[in-house]
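Trainee: Could we go through this structure together? I would like to begin with the chain as a whole and then turn to a single residue.

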Amino acid sequence: MLATLNKELITKRADSGVHEKLFQYPEKILQFGTGVLLRGLVDYLVDKANKQDIFQGRIVVIKSTDGDTSDFDQQDGLYTTHIKGISQGELVDSVLVNASISRVLQSNAEWSEILKTVHQPDLQTIISNTTEVGIQYVPEKISEGVPSSFPGKLLAILWERYQFFGGSSHTGFVIVPTELVVDNGVLLKDIVLQLAAFNELPAAFTDWINTANRFCSSLVDRIVPGKPRNLAEQEEKAGYADKLWIEVEPFLLWAIEGDEYIKSVLSFYKADDRMLIAPSIVPFREQKLRILNGSHTASVPMGFLSGLNTVYECMQDEYMRHFFQQVVQQEILPTIKDICPQATTFAPDVLDRFANPFIAHKLISITFQESSKMNARNVRTLVRYYEQQQALPTYMTLGFAAMLLFLKPAREEGGKYYGVRDGEEYLITDDNIAVFAEYWRQYNGSREMVAAICKDLRLWEVNLDELPGFTDTVAAHLEQLQQQGVKAFIRQELAASR
């Protein structure tokens, strides 16, 4: 039986990189959330910096969900991070033990202890990932037990800090939410101030929130699948049992809006140039939206209808690999490289991520809300491309046609619509599907249908029928895909390219 990963075990291994001094660092970060994204990104960066003697601080974690913290307690907060995937075209497969977490406290059972953590002057940073719904206003009195919402808990912690240090201007926090919400820092601050007013807290405290604390919007990007499927095999190879073991892809990005002061507090950013602190994170958000998310949305219907099931399978398929490459490098990248300085390096990273053999990203999952995603991620790119090139992007217009075919219902039952691929049904999960179903019923895939869909401002931010040649090009693609079938169309395209 394998011994459990813990401090005593790992510090005896000279090659582990985990030394006694790492456990002596003071707690500098209060983290809301024990999830794999925080452990695979934020905590990874802190651990990396500590091992380089840069940050010299540890993380005290608040667990807000049900369940105890025994897994963390038994392992002294240690856990394995297994980095697996493709980076710069090369396979990456490396393992490290993370020693950044000092302790984990359960919010309901240990709330008084959590409040005491903010009595530490070294504690200067609060980080959160409570899912997108976590940053919402819930009117609640923070004096009546443990607040239920994350903003409520945060307000109570700020109030405790303010009272303990007598409102000193030097005791505020740098607060960095990582929830996937645009302007998450601005939103969180607004809610905390609204809650402070609801709780009728003193004006001096509100002033302290505004002047002594910094709420920083941020953008995170790293795929963290979590616990491996072959955990027992990995544990045998490592020589210990680890209930907290996580897998991560090699790529990461954490962009934070901030200045030199934020850099001084979050000094662990120096350990990895993929953690970026800049006056604006808009360029990073734009490149992720357009290149990563946009290429998914533009390409996935074609891949799915051709019979493939995952992004990795697409990157192993000759035609779909070329499709993705053209969409990313030749069609999306030229439209944003002038406004997103790092886009030219981000684009090949995205293609590496798509080719990761260790991540099975299902195409049918990516098609969730396909039409709304097409509007949010790709319509602006289509317009920008035409404005720059006075031409239409070949593969993105083909992807648009494939989307229309994907959204063709074969039947409807109980308000749910189903398409057909290779004789098998698939559920179409798109809030606009009833609109597309009516267009298909009325026009049956004709040019008139494409024109009507392109003009429908319920679906798109602009009238796509006014984009020169777009309707005719998409209609021609759709006719080919319907008449030949997607697989036959692809065979023909491959034959023509050879």
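Mentor: Certainly. This is a predicted model. Of the 498 residues in the protein chain, 55% count as buried.

Trainee: What does the secondary structure of the protein chain come to?

Mentor: The protein chain has 21 helices and 15 strands.

Trainee: And which radius of gyration does the protein chain have?

Mentor: The value is 25 Å. A compact globule of 498 residues would have a radius of gyration near 23 Å, so the protein chain agrees with that expectation. Along the principal axes, its C-alpha atoms fill a box of roughly 70 × 55 × 45 Å.

Trainee: How much of the contacts with a separation of 6 or more comes from residues 24 or more positions apart?

Mentor: Such residue pairs account for 74% of those contacts in the protein chain.

Trainee: Changing topic to the surface: what is its accessible area?

Mentor: About 21,100 Å², and carbon and sulfur atoms contribute 48% of that.

Trainee: How many charged side chains are there, positive and negative?

Mentor: There are 48 positive and 64 negative side chains. The centres of the two sets lie 2 Å apart.

Trainee: Now the single residue. Where does isoleucine 114 lie?

Mentor: Isoleucine 114 is part of helix H5, which covers residues 111-117.

Trainee: Is isoleucine 114 buried or exposed?

Mentor: Isoleucine 114 counts as buried because its relative accessibility is 1%, and the cut-off for buried is under 20%.

Trainee: Which residues does isoleucine 114 touch?

Mentor: Leaving aside residues up to four places away in sequence, isoleucine 114 touches Ile62, Leu105, Gln106, Ser107 and Ile157.

Trainee: How far apart in space are isoleucine 114 and tyrosine 269?

Mentor: They are 26 Å apart, C-alpha to C-alpha, with their positions 155 residues apart in sequence numbering.

Methods:
Residues are numbered from 1 along each chain as its sequence is written. This is a predicted model: local features need pLDDT of at least 70, side-chain atom pairs count only at pLDDT 80 or more; totals for chains, interfaces and linings use all residues. Side-chain values use heavy atoms; hydrogens and water are left out. Helices (H or I, at least four residues) and strands (E, at least two) are DSSP runs, numbered from the N terminus. The radius of gyration is taken over C-alpha atoms; the globule rule is 2.2 Å times the number of residues to the power 0.38. Buried means under 20% relative accessible area, exposed over 50%, partly exposed in between (1.4 Å probe, protein chains only). Contact means heavy atoms within 4.5 Å. Accessible areas come from the Shrake-Rupley method with a 1.4 Å probe; for residues, only the protein chains shown count as cover. Lys and Arg count as positive and Asp and Glu as negative; His and the chain ends are not counted. The place of a charge is taken as NZ of Lys, CZ of Arg, CG of Asp or CD of Glu.
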